[in-house]
Amino acid sequence: MNTFGTLYRVTTFGESHGAAIGGVIDGMPAGVKLDLESIQHQLDRRRPGQSAITTARSESDRVELLSGVMDGVTTGTPIGFIVRNSDQHSRDYDNMRHVFRPSHADYTYAGKYGVRDHRGGGRSSARETIARVVGGAVAMQALRALYPDMCISVYTSRVGDICMRGDGIWYAPSLIDSNDVRCPDRAAADAMRSLILDVKGAGDTIGGVVTAVVRGVPAGLGEPVAGKLHAMLGAAMLSINAAKGFEYGMGFDGCCRRGSEMIDVMESRGAGEAPRFISNHSGGIQGGISNGEDIVMRVAFKPVATLLREVATVDDSGADTTLHARGRHDPCVLPRAVPVVEAMAAMTLLDAALLNRSARII
């Protein structure tokens with residue numbers, strides 16, 4: 001199951017230490033003029049080696065489009081693409097060939113397939129998200145053609161016990177990218193960066209939360225039963241490496257409050273006009289369908305499982321052993337997860353928009 005989506009579909013392939021990561025986009029509408037620089041910009045936001053708080057692996061991550069685009073315009077046929085790997089240090093993983101890394105996919109992959117790629121996790125590596133970022137960047141350009149006012153704001157809102165002020169509202173991309181943590185609250189970003197560097201120095205890792213806010217979503221996206229919009233978004237987000245939780249709107253906290261505190265009261269704007277919502281506790285989705293308000297969601301990411309210190313584990317013969325991981329690893333996935341969350345949101349919303357168009361004849 002390497003394909004995301006129903007009408008807008010992205011199939012990904014490749015391993016962390018293979019020749020390339022790539023994908024095939026199917027269902028992309030024809031006639032959309034693609035901005036290749038915009039696609040590359042999103043890959044640059046995800047790529048390793050950006051700063052002291054990310055992995056030191058050095059990859060240019062330049063995308064090559066192989067099909068489906070002519071004279072810069074989509075043709076409606078499958079868009080094939082690859083991003084070549086160039087800075088693999090596979091020997092860093094030689095001591096893991098027969099050892100299972102705790103809390104990684106090593107043991108489960110071996111249990112499922114009877115074989116695993118020990119070099120950087122192979123297919124389970126977060127390097128697979130390159131293909132998602134390309135698919136999302138292409139999807140966003142199709143969304144803008146359909147809904148010119150739609151825009152997605154994704155940022156780091158929490159690292160460890162440090163939370164930003166003003167979470168859950170839309171921020172301009174320039175403010176989010178003004179620091180390497182990708183948190184629009186500068187004071188919180190500085191504290192988050194210091195915490196990440198501290199845990200990195202201790203050979204440890206730290207997790208946190210990414211918030212996504214989508215403006216300009218029309219009412220009516222999503223299906224009433226099996227294809228609820230929040231279920232589609234949740235499935236997309238939870239498919240990202242290291243994602244452990246998803247909530248939208250009022251989330252878990254709001255579910256413990258009284259109904260009188262959490263309903264979104266409506267008032268009229270006048271005859272023939274869409275009503276105004278006094279609040280947005282629903283996070284832009286009601287009954288599994290968008291209501292025209294901002295979609296607000298959060299994705300929780302666990303601390304990276306690779307610790308640069310000794311940990312107890314077992315090998316593939318079942319014997320107890322000790323692992324001291326080598327290689328280059330992120331002490332915190334949050335800064336590089338931001339463009340991945342944005343990509344999954346864009347792909348899901350485009351898929352929902354295409355499904356919605358197919359459901360109406362007028």
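**Figure 1. Whole chain of the predicted model.** The chain contains 9 helices and 18 strands. Its radius of gyration is 21 Å, close to the 21 Å given by the globule rule for 362 residues, so the chain is as compact as a globular protein of that length. Along the principal axes, the C-alpha atoms fill a box of roughly 70 × 50 × 40 Å.

**Figure 2. Burial, surface and contacts of the chain.** Of the 362 residues, 48% count as buried. The accessible surface is about 16700 Å², and carbon and sulfur atoms account for 54% of this area. Where residues at least 6 apart in sequence are in contact, 69% of these contacts join residues at least 24 apart.

**Figure 3. Open sheet of 5 strands with antiparallel pairing.** The strand order is 9-8-10-16-11. Strand 9 (162–163) and strand 11 (243–248) form the edges, each pairing on one side only.

**Figure 4. Helix 5 on the sheet.** Helix 5, residues 186–201, packs on the sheet and touches strand 8 (151–159) as well as strand 9. The direction of helix 5 makes about 55° with that of strand 8.

**Figure 5. Pairing of strand 10 with strand 16.** Strand 10 covers residues 208–215 and strand 16 covers residues 295–301. The two strands pair in the antiparallel sense over 7 bridges. Val210 stands opposite Val299 of strand 16.

**Figure 6. Helix 9 on the sheet.** Helix 9, residues 334–358, packs on the sheet, with strand 8, strand 10 and strand 16 as the strands touched. The direction of helix 9 makes about 145° with that of strand 8.

Conventions:
Residues are numbered from 1 along each chain as its sequence is written. This is a predicted model: local features need pLDDT of at least 70, side-chain atom pairs count only at pLDDT 80 or more; totals for chains, interfaces and linings use all residues. Side-chain values use heavy atoms; hydrogens and water are left out. Two strands pair if DSSP finds at least two bridges between them. Helices (H or I, at least four residues) and strands (E, at least two) are DSSP runs, numbered from the N terminus. Contact means heavy atoms within 4.5 Å. Axes are lines fitted to C-alpha atoms, for helices over the stretch in contact, and angles run from 0 to 180 degrees between N-to-C directions. The radius of gyration is taken over C-alpha atoms; the globule rule is 2.2 Å times the number of residues to the power 0.38. Buried means under 20% relative accessible area, exposed over 50%, partly exposed in between (1.4 Å probe, protein chains only). Accessible areas come from the Shrake-Rupley method with a 1.4 Å probe; for residues, only the protein chains shown count as cover.
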